[in-house]
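The following exercises invite the reader to study a chain from its overall form down to a single residue. Each task is followed by a worked solution.

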Amino acid sequence: MAKLLVVGAGFAGAVHARELANAGHQVDVIDKRDHIAGNCFDYVHDCGVRIHRYGPHPFHTSNDRVVGWLSQFTGWLPYEHQVVALLDDGRKVPLPVNLDTINAVFGTRLETADDAMSYLASVALPRSPVISAEDHLYSTIGKELTDLFFRPYTKKMWQLDLSEMDAAVVRRLQIRTDRDPRYFRSDTFQALPTDGYTRAFERILDHDRISVRLTTSFSQDDMAGYDACFNSMPMDEFYEFDLGELPYRSIRFHVSHHLAATAEGLATINYTDAGPYTRETWWHALPGHRVHETSNVLRTIEEPCCYRENSLERYYPIKDRDLMYQSLYERYAARAATDDQMFFIGRCGTYQYLDMHQVINQSLVHVSKWIARS
């Protein structure tokens, strides 16, 4: 039996901790925040509505292993996420862009997927090679849709123009030619935890070989007495930024109360304008989130910012067109690879934009390999 330290009580840390404890190891989990569950942390507000403190987290995946593992700790409420974009004239249109979006923007009357494909081909502006996000979008949907739905949003989200962003950032965005409004339509499993994410994390960490300490930051001195550490803190911070700083974008969350009778019935609305905000979420519109019937509901509006302007809250690694920051991360990672006691995990530890199911899968793969070697 090894004595192990896990830094971070989000999905990466919790999955590692549970699997290590199940394998017979003693695990101490620390987190600098005052709660478990990382960015998935949710709670029932005094008004009776469940709210996700760090923005909406609809769970979606096609990985049966991930679903099976997480289902040990939670039941599920089916939920297929849908998003609309708010246009300047007040209309709300489907996002990702689909046939109905195209008709609304261009005033066309396209009826079939073939019609939509032909129309997009007629407005596309092919570029070669495709390097930047602008290259990809212009080549796929043309200038007008790009400048309406993606350029202002990208600028306020990343503080970079599409021409400065790596194409990989927008390749993950789907462009539809049918009328399907589902945001994650290709994923076979889409749901929300029955009792919320925090309750699921409580069950994951409920093991007699796991101890949890909150409001506790990692220090190099903490390694004394441990055989290994699984660390979800930013790698550049661990090395005291001696090779340079890895930048992140962050989000300020503005929460407001509203009368239920006048509240929006849609869960998520994206803003296409050049203002400071990117989207709003109405929590009562998510399944199981109106826990008690009350007269008030909650809305969260998101405002992107630099992580330095938001108490060093790091949410999104920045992927620039020239991959300068990725190259810097790889230099840190090469140094970390020489340490057989320190393993970096999760979004910040690996400087990747990862969805929840990807973090869980990555963690299960990594921890199972470590257990097999130990």
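**Exercise 1: The chain as a whole**

Task: Determine what share of the contacts with a separation of 6 or more joins residues 24 or more positions apart, and describe the overall build of the chain.

Solution. Residues 24 or more positions apart account for 72% of the contacts in the chain with a separation of 6 or more. The model under study is a predicted one. Its secondary structure consists of eleven helices and 17 strands. The radius of gyration is 22 Å, close to the 21 Å that the globule rule gives for 374 residues, so the chain is as compact as a globular protein of that length. Along the principal axes, the C-alpha atoms fill a box of roughly 70 × 55 × 40 Å.

**Exercise 2: Surface and charge**

Task: State what percentage of the residues is buried, and characterise the accessible surface and the charged side chains.

Solution. Buried residues, those under 20% relative accessible area, make up 53% of the 374 residues. The accessible surface of the chain is about 16,600 Å², and carbon and sulfur atoms contribute 49% of that area. As for charge, there are 39 positive and 50 negative side chains. The centres of these two sets lie 1 Å apart.

**Exercise 3: The partners of strand S7**

Task: Identify the strands with which S7 pairs, and give the sense of each pairing.

Solution. Begin with S8. Strand S7 covers residues 83-86 and strand S8 covers residues 92-95; the two pair in the antiparallel sense over four bridges. Within this pairing, Val84 stands opposite Pro94. Next, consider the connection: S7 and S8 form a hairpin with five residues between them. In the turn, Gly90 has a positive phi of about 95 degrees.

Then turn to S13, residues 268-271, which runs parallel to S7 and is joined to it by four bridges. Here Leu86 of S7 faces Tyr271 of S13. S7 thus has an antiparallel pairing with S8 and a parallel pairing with S13.

**Exercise 4: The setting of Glu144**

Task: Locate Glu144 in the secondary structure, and decide whether Glu144 is buried, partly exposed or exposed.

Solution. Glu144 lies in helix H5, which spans residues 133-158. Its relative accessibility is 45%. Partly exposed residues lie between the buried limit of 20% and the exposed limit of 50%, so Glu144 counts as partly exposed. Beyond residues up to four places away in sequence, Glu144 touches Val105 and Phe106. Finally, Glu144 and Ala133 are eleven residues apart in sequence, and their C-alpha atoms are 15 Å apart in space.

Notes. Residues are numbered from 1 along each chain as its sequence is written. This is a predicted model: local features need pLDDT of at least 70, side-chain atom pairs count only at pLDDT 80 or more; totals for chains, interfaces and linings use all residues. Side-chain values use heavy atoms; hydrogens and water are left out. The radius of gyration is taken over C-alpha atoms; the globule rule is 2.2 Å times the number of residues to the power 0.38. Buried means under 20% relative accessible area, exposed over 50%, partly exposed in between (1.4 Å probe, protein chains only). Contact means heavy atoms within 4.5 Å. Accessible areas come from the Shrake-Rupley method with a 1.4 Å probe; for residues, only the protein chains shown count as cover. Lys and Arg count as positive and Asp and Glu as negative; His and the chain ends are not counted. The place of a charge is taken as NZ of Lys, CZ of Arg, CG of Asp or CD of Glu. Two strands pair if DSSP finds at least two bridges between them.
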